[in-house]
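Here's a protein to explore together. Take a look at the sequence and the model, and then we'll walk through some of what can be read from them.

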Amino acid sequence: MKHGGNIYRFAQQVGCKPEAVLDFSANINPEQALDPASLLPIQLGPYADPDYTLLKQALKARYPHPNGVEMEVFNGASAAIFALLRRLQPRDLVLYAPLYVEYAKIAGQLGCTLHTIDRFADLHAEVPENSTVIFVNPSTPDGRLYAMPELLAQWRQKHCTILVDESFLDFCIADSVADYITEYDKLYVIKSLSKFYGCAGIRIGFILAAAQAIDALKRFEPAWKLSTFDMAYMRQALANQPYIEQTRRQTAKRREVLQQALEDSGLFEAIYPGQANFLLTKLRDDGDGYLLQERLAPSRLLIRVCDNFAGLNKSHVRFAVKDEQAIAQLAHTLKTIPQNVF
């Protein structure tokens, strides 16, 4: 699978229903903050509020940001990324790899010069003056949480436009860089809600930036990007305060169980330490992740081979943190795979 979460194609291949797939490929919280059946009645007849007033109020309550910083909502974080880069039209785009493949795809569409930095080997490499920098924190596919002040200072010295993708930050006890926007108006923060809130089908993401930057971005945006249903669902999910700490504790515990299962299998030469809701691994002897997927398929287990992340290859495999029953099934199946199969 070149992208996580395509359970429909996988289910067709293995001959089961999509809901029977144990999906370790998509790093989506297996718990949801809101049962759709409990959604309060909503009016679907009139057009939705084109200014998204109530949703933005709920988002600001959940993600406080200082005066002078504004937000714009989008039909998912991917849409936010596309819209922002189309607006910025960068000449030089710096990507800290490995990271989400869509960023490089957008760079190709915009025709900008792409500079890729291996953050594993050379995190503090020089970047071009006035370039646009994209950094994901916690990173994907390895889940490392980075200390940001030194990096921000490095990029500011080069007068860079800075995009920090914090789609997985909710899983960590860590501060957003949004407060730095008041000091540097070329800083943008991108957030996804689907990962933490376990609702990939509810397509809402947002950007935080200086007020004038958001105003400039909104001029190119259509009205009614979000549905009434999506906004109502997310407003109620955001109001579930106990869910936040519960999810962090549960994810940390399950991540430890997942790591132990991977270690006990003996199939991996490396399991990268991460603080998000997934773990990156490397198979022993440069093994083939697609062969591992073939072995797991009869048990309806779907994984994410990471060969389309810059700097990684098909021996790198990512596992999302799922519930205890799914992890137990994975652990059992991994133990049945001979260590010389690759």
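Where is N240 found? N240 sits in the loop between α8 (228-238) and α9 (242-265). Before going on, keep in mind that this model is predicted.

## The whole chain

Let's begin with the big picture. The protein chain has 11 helices and 13 strands. Its radius of gyration is 20 Å, close to the 20 Å that the globule rule gives for 342 residues, so the protein chain is as compact as a globular protein of that length. If you lay the C-alpha trace along its principal axes, the spans come out at about 60 × 55 × 35 Å.

How much of the chain is tucked away? Of the 342 residues, 53% count as buried. There's also plenty of contact between distant parts of the sequence: take the contacts with a separation of 6 or more, and 71% of them come from residues 24 or more positions apart.

## Surface and charge

Now for the outside. The accessible surface of the protein chain adds up to about 15,400 Å², and carbon and sulfur atoms hold 49% of that.

As for charge, the protein chain carries 36 positive and 38 negative charges. Work out the mean position of each group, and those two points are 3 Å apart.

## T140 and its surroundings

T140 is a good residue to zoom in on. You'll find T140 in the loop between β5 (132-136) and α5 (149-157). Is T140 buried or exposed? With a relative accessible area of 7%, T140 falls under the 20% cut-off, so T140 counts as buried.

So who surrounds T140? Leaving aside neighbours within four places in sequence, T140 is in contact with N27, P98, L99, Y100, R119, F168, F278, F309 and R318. With R318 there's something extra to spot: the side chains of T140 and R318 make a polar contact at 3.4 Å.

## Cis bonds and positive phi

Most residues other than glycine have a negative phi, and most peptide bonds are trans. Keep that in mind as you look at the next few spots.

Go back to the loop between β5 and α5, which is where P138 is placed. The peptide bond from N137 to P138 is cis, with omega near -5°. P141 has its place in the loop between β5 and α5 too, and a cis peptide bond joins T140 and P141, with omega about 15°.

Next come two residues with positive phi. H159, in the loop between α5 and β6 (161-165), has a phi near 60°, a positive value in a residue other than glycine. R300, in the loop between α10 (289-296) and β11 (301-302), has a phi near 65°, again a positive value in a residue other than glycine. H159 counts as partly exposed at 42% relative accessibility, and R300 also counts as partly exposed, at 35%.

## A buried lysine

Which helix holds K56? K56 lies in helix α2 (residues 53-62). Its relative accessibility is 17%, and buried means under 20%, so K56 counts as buried.

You can also check which residues K56 touches. Not counting residues up to four places away in sequence, they are D51, M71, E72, V73 and K218.

## Sequence distance and space distance

Finally, let's set distance along the chain beside distance in space. A79 is found in helix α3 (residues 77-88) and counts as partly exposed at 28% relative accessibility. A79 and F206 are 127 residues apart along the chain, and their C-alpha atoms are separated by 9.2 Å.

How does that look for A20 in the loop between α1 (7-14) and β1 (22-23)? A20 and G111 are 91 residues apart in sequence and 42 Å apart in space, C-alpha to C-alpha. A20 counts as partly exposed, at 26% relative accessibility.

That brings us back to N240, which counts as partly exposed at 24% relative accessibility. N240 and L193 are 47 residues apart in sequence, and from C-alpha to C-alpha they are 13 Å apart in space.

Definitions and conventions. Residues numbered from 1 in each chain as written. Predicted model: local features only at pLDDT ≥ 70, side-chain atom pairs only at ≥ 80, totals over all residues. Heavy atoms only, no water. Helix = DSSP H or I, 4+ residues; strand = E, 2+ residues; numbered from the N terminus. Rg over C-alpha atoms; globule rule 2.2 N^0.38 Å. Buried < 20%, exposed > 50% of the residue type's maximum accessible area, 1.4 Å probe, protein only. Contact = heavy atoms within 4.5 Å. Areas by Shrake-Rupley, 256 points an atom, 1.4 Å probe, with all protein chains shown as cover. Lys, Arg positive; Asp, Glu negative; His and termini not counted. Charge placed at Lys NZ, Arg CZ, Asp CG, Glu CD. Polar contact = N/O pair within 3.5 Å; in protein donor to acceptor, adjacent residues only side chain to side chain.
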